[in-house]
Amino acid sequence: MKLTIVSPRFPFSGRVPLVPPILEYLAALTQREAPEVEISLIDANQQEISPSDLTSEVVGISVMTATAPWAYAFADECRKLGKRVILGGIHPSALPQEADLHADAVVIGEAESVWKNVLSDASNNTLQQFYHGERLSLEGLPMPFKSKLKGNYRFRAFFTMRGCPYRCTFCSVRRFFGDTIRYRPVQDVVAEVEACAGNVWFNGDDNIWGGDFDRSIRLFDELARGTKRNWYGFGDLKAVQGAHGDRMLSAARKSGLFSVWVGWESDEKNLGVFKAEGKQGPDRISAVKKMQDAGIDVVLFVVLGGRQDSIDSFKRALELSEKYNIGLHPVLLTPLPGTELYEAYKPFLFQGMGWESFTGVRAVFEHPDPVMTPHRREQEYHRLNKELFRFDRILKRISKIPRSGFPMTHFLSLMMQLPMKVALRKAYDEWLDEQDVL
Ligand code: B12
Ligand code: SF4
């Protein structure tokens, strides 16, 4: 049997320089569970592809909410050509009935416990409508299949755990992976990073600190003994404020951590609104400063434009960046299916807006404040990005990174901000063109 695994095209921002982790991981799982299957991998962000180009009879597609329309259209075309389509990932898991309209089988949840059966059913032409993946232990996961994907890639992502104990209402992760953390064995992660990472790698965990701090320190100590020494990822603020904070930060820094991306609610009151207090700890500013002092570039992913927010929140976000010399990545609040927020915002969602708008750069719901029209929210979002990524501001932020980070943190921060500036400029131009058409 021939299988093609597809990572769909994103609705905006073009080429992402990250190898789609699901392609190499699902390929490795396939090799382990059904070595006779012939595998090909497609990243539709890097390669123009049409279903008629595929020679395989089975196609697996990994779907996020924003990529669902592209994935469904591609799946429909494949099925018209007589191919069997299997959909999986976070969006089909949240809305399996919707995904079922475009698939021969939908995998709900994690693939590991069911993939062998799915492949064998696909090969026998006896696919079931739904497969429910269990949450297994993460010991002995296969090492990603190091493919020869063609594309303009600069990073690979690595994962050390799944699950999150916090309860942020806008997040899909907890319901999908569960509210307790399952860890991969330290030696598996280190071996994988050593074998597959480039000079800079992305830790794709939802929280690089995890909850078992002794284990995190052990992991960082082991990574520090390796050769792949520059990495970044998402982390909460609570962990670095606790008793283990200093030790863990120092171990992480020695292992090459140069940037931490932090989810940040624009206003103190929003911490409660989104049930996000848990991950922030008692003093979020001092936690940010602590990481900066350790030579780490902190970037805040600020959620803006919620129904309780005012237009001022955009201005305050810029002030925050200026005051603490901190990088900001603004996101317009987006109620994703499978979250508590989605249920709460359902009555306010604009009708007729497709999932391709659920990217974090579009206003997708009504706002009670008449000033916060969708156009105004999107305009403020783009204006804020334009201000944040002014060249003089980028340079000022970099010059303020403490000497403890010199030279790699300074250099890598610049290397991450410049492409971001270009991508955001492109997104802004596309948005302006669209406004002209309207
Ligand atoms: C890596 C990543 C990215 C990469 C994607 C690279 C790529 N091309 O794949 C980048 C950085 C580009 C990215 C971007 C975005 N992302 Co993102 N991202 C992730 C992250 C951190 C890891 C996903 C991953 O690769 N995991 C590793 C692989 C191996 O595992 P997995 O995907 O979980 O797959 C398992 C199962 O889901 C299942 N499975 C998955 N696919 C399939 C397919 C088949 C056929 C089968 C059988 C099974 C299966 O089996 C796997 C093993 O169990 C997740 C967070 C998370 N914890 O999941 C967020 C996440 C997927 N991203 C999210 C979001 C919202 C975004 C953005 C919209 C954010 C933004 N505002 O910019 C953009 C969208 C892109 C765009 N421009 O439109 C959300 C998605 C929520 C949703 N409902 O869609 C997540 C869950 C984060 C969150 N906190 O909510 N992201
Ligand atoms: S801490 Fe992160 S992963 Fe956990 S629920 Fe909140 S946003 Fe989701």
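This is a short walk through the two domains of a predicted model, their sheets, the interface between them and a few local details.

First, the conventions. Residues are numbered from 1 along each chain as its sequence is written, chains are lettered from A and ligands numbered from 1 in the order in which they are written. As the model is predicted, local features need pLDDT of at least 70, side-chain atom pairs count only at pLDDT 80 or more, and totals for chains, interfaces and linings use all residues, while side-chain values use heavy atoms, with hydrogens and water left out.

The chain splits into domain 1, residues 2–132, and domain 2, residues 157–434; these bounds come from an automatic or database domain assignment. Their C-alpha centres are 28 Å apart.

I begin with domain 1. Helices and strands here are DSSP runs numbered from the N terminus, helices being H or I of at least four residues and strands E of at least two. Two strands count as paired if DSSP finds at least two bridges between them. There is an open, parallel sheet of 6 strands, ordered β2-β1-β3-β4-β5-β6. At its edges are β2 (38–43) and β6 (130–132), each pairing on one side only. From one strand to the next, the twist averages 20 degrees. Axes are lines fitted to C-alpha atoms, for helices over the stretch in contact, and angles run from 0 to 180 degrees between N-to-C directions.

At the β6 edge, β5 (residues 105–108) runs parallel to β6 and is joined to it by 3 bridges. Ile 108 has His 132 in β6 as its bridge partner. Leading into that strand, the loop between α5 (115–123) and β6 holds Asn 125, which is not a glycine yet has a positive phi of about 60 degrees. On the helical side, α1 lies across β1 (2–7), β2 and β3 (58–62), at about 170 degrees to β2.

Now domain 2. A further open sheet of 6 strands, also with parallel pairing, has the order β7-β10-β11-β12-β13-β14. Its edges are β7 (157–158) and β14 (327–332); each has a single partner strand, so one side of each lacks a neighbour in the sheet. Within it, β10 (residues 200–203) and β11 (residues 230–234) pair in parallel over 4 bridges, with Asn 203 opposite Gly 233 in β11. Helix α16 (residues 374–388) lies across β13 (297–304) and β14, at about 170 degrees to β14. Further along, Phe 406 and Pro 407 are joined by a cis peptide bond, omega about 0 degrees. Pro 407 sits in the loop between α17 (391–399) and α18 (408–437).

How do the domains meet? Taking contact as heavy atoms within 4.5 Å, 20 residues of domain 1 touch 17 residues of domain 2. Together they bury about 1,500 Å², 71% of it on carbon and sulfur atoms; buried area is the accessible area (1.4 Å probe) lost when two parts are put together, summed over both.

A salt bridge here is a side-chain nitrogen of Lys or Arg within 4 Å of a carboxyl oxygen of Asp or Glu. The interface has 3 of them, and the whole structure 26. Glu 110 forms one with Arg 182, closest N and O atoms 2.6 Å apart. On the side of domain 1 that touches domain 2, α1 (21–33), α2 (68–80) and α3 (90–94) each supply at least two residues. The largest share, 4 residues, comes from α3.

Lastly, Lys 80 and Glu 77 form a salt bridge, closest N and O atoms 3.0 Å apart; both lie in α2, 3 residues apart, about one turn of the helix.
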